[in-house]
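User: Please go through the terms used for this model and show how each one is justified.

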Amino acid sequence: MSKLSSRPSNVSRRGFLRFAGAGAAVTGLSATAFSTVAEAAEQTPLAANLPPGNDDAYWRAVERLFTLDKRVLFMNVGTVGSPPREVLDTVDRVHREVAAGAQSAYSDFADVRALAAAGYGCDPDELVVSHNTSDGMSKILAGLNLREGDEILTTNHEHTGGNVPMALARDRHGVVIKRIELPVGNDQHAEDYVAAFERAITSRTKVMLFSAPTYKTGTMLPIQLLAKLAQEHGLTTVVDGAHIPGMMAYNFHELGVDFLAGSAAKWQCGPGGTGMLYIRNKVLSQYNPNPLPEFWPVVSSSYPSEGGVPPRTGGSKESYNIAAYLQSVGNGSLAIMAGVRSACEVWDRIGRKRIQDYVLGHSAYLKELLAERWGVGSLYSPKDDPRLVCALTSFNPFRNPADVLDHAKSDQFVARMKDEYGIVIRNVDFPVIGSAKAHVPVRISTHLFHQREDVERVVDAMWDLAGKMA
Ligand SMILES: Cc1ncc(COP(=O)(O)O)c(C=O)c1O
């Protein structure tokens, strides 16, 4: 077991002392260090020092927790996040302590997993800190007992992180991959997804695998509804939830799925090269009464080398700790794991639901502004069905809508947004039903370090640039 303190580093330790003053200011005790809470938050960018409330001042203080380059407005969190200062300090400090003491870490990091699992609504034996989403997806697909002719039912908007392990299962075991075509835009409902998957289920279907949200249109597939459908058909569910940790305040148990792989370095803003892998490891009949699927922890150095493991449980108590087997693989990194813990602590302190509401609020505002200027038809992301929305927004910025088929022009748009307006966004390409060519819209991520005026700024900049490029 690792014993990692999340005590701030030298830099933060000074902040820690200031926090005593800030706390005094909040409680009205002798406030020697600061005269106002705002001043305290300004000078001590630690989550522990955030002012009370949920107003502009609060979210500006949240923004100050981060070290993002102020000359750039970074709106591509869907690709990678940026750790808060205290996470960086923790990683740096622990790295140095490990180096000074030449410490090894043959560990299942039970303490870090316990803290993270509490935030994600699951148990420590069900949560692995993976290397990233792709690593999690690979471990899931390699660990399932899939055979020749078994079908995986998935979508045409999946990421390489899921597509490649599925291709490996196909080429190695003869598994068949079947894809449903996903709709785009605002004119859709959660039930459409259930109907589309249901129509495609056959007697050979073994797994339903889908991204929620897709990285292409930012559509949050309705996980609970799809999990229910899968349960009714006795199927295993695998969710590519790359964007879920840190964005959505989901309780993983309640989702009712078997597996969910996510990133801890995107919206969760943990250290690079970290992810969250959820593996259902007990039967909680209120969420998913089906038996656990056969699953092997294929990358492990702690799975018993003799004697194997007992059968997977059929009840609410695990029969063994599957997450520990997948976590404990040779010598790990105390520093990175301390950073993951620190990132989860920051999120828990702010409140995962509060973060979800805030980032979805920005996205809703963004979509309204886009619909006002460009028309609702420019959106690839849904807007009006609350079950389908998330903090990723994809839309066609071009005055001539047909330009969205021009990959080079879309690339130029993204490059000019950075060069001429100092705003980082990205584009995404994907098939659209009825179109011979892929569409290449742009995608904007709105996160907890953004303010309302950032949303307005990116809209104005895109409108201006679209005019120049018309
Ligand atoms: C839906 C989806 N799946 C998987 C990935 C791969 O993520 P990671 O870098 O965490 O492996 C991404 C990355 O953007 C993604 O958007």
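**Salt bridges and burial**

Analyst: Aspartate 348 and arginine 352 form a salt bridge through their side chains, at 2.9 Å from N to O. This is a predicted model, in which local features need pLDDT of at least 70 and side-chain atom pairs count only at pLDDT 80 or more, while totals for chains, interfaces and linings use all residues. Residues are numbered from 1 along each chain as its sequence is written, and side-chain values use heavy atoms, with hydrogens and water left out.

User: What makes the contact of aspartate 348 and arginine 352 a salt bridge?

Analyst: The term requires a side-chain nitrogen of Lys or Arg within 4 Å of a carboxyl oxygen of Asp or Glu. The pair stands at 2.9 Å, N to O, so the definition is met.

User: Why is arginine 352 called buried?

Analyst: Buried means under 20% relative accessible area, exposed over 50%, and partly exposed in between (1.4 Å probe, protein chains only). Arginine 352 has 10%, so it counts as buried.

User: And why is aspartate 348 partly exposed rather than buried or exposed?

Analyst: Its relative accessible area is 35%, and partly exposed covers the range between 20% and 50%.

User: Which term fits lysine 383, buried or exposed?

Analyst: Lysine 383 has 19%, and the limit for buried is under 20%, so lysine 383 is buried. Its side chain meets that of aspartate 384 in a salt bridge (3.0 Å, N to O).

User: How do you class tryptophan 296?

Analyst: At 42% relative accessibility, tryptophan 296 is partly exposed.
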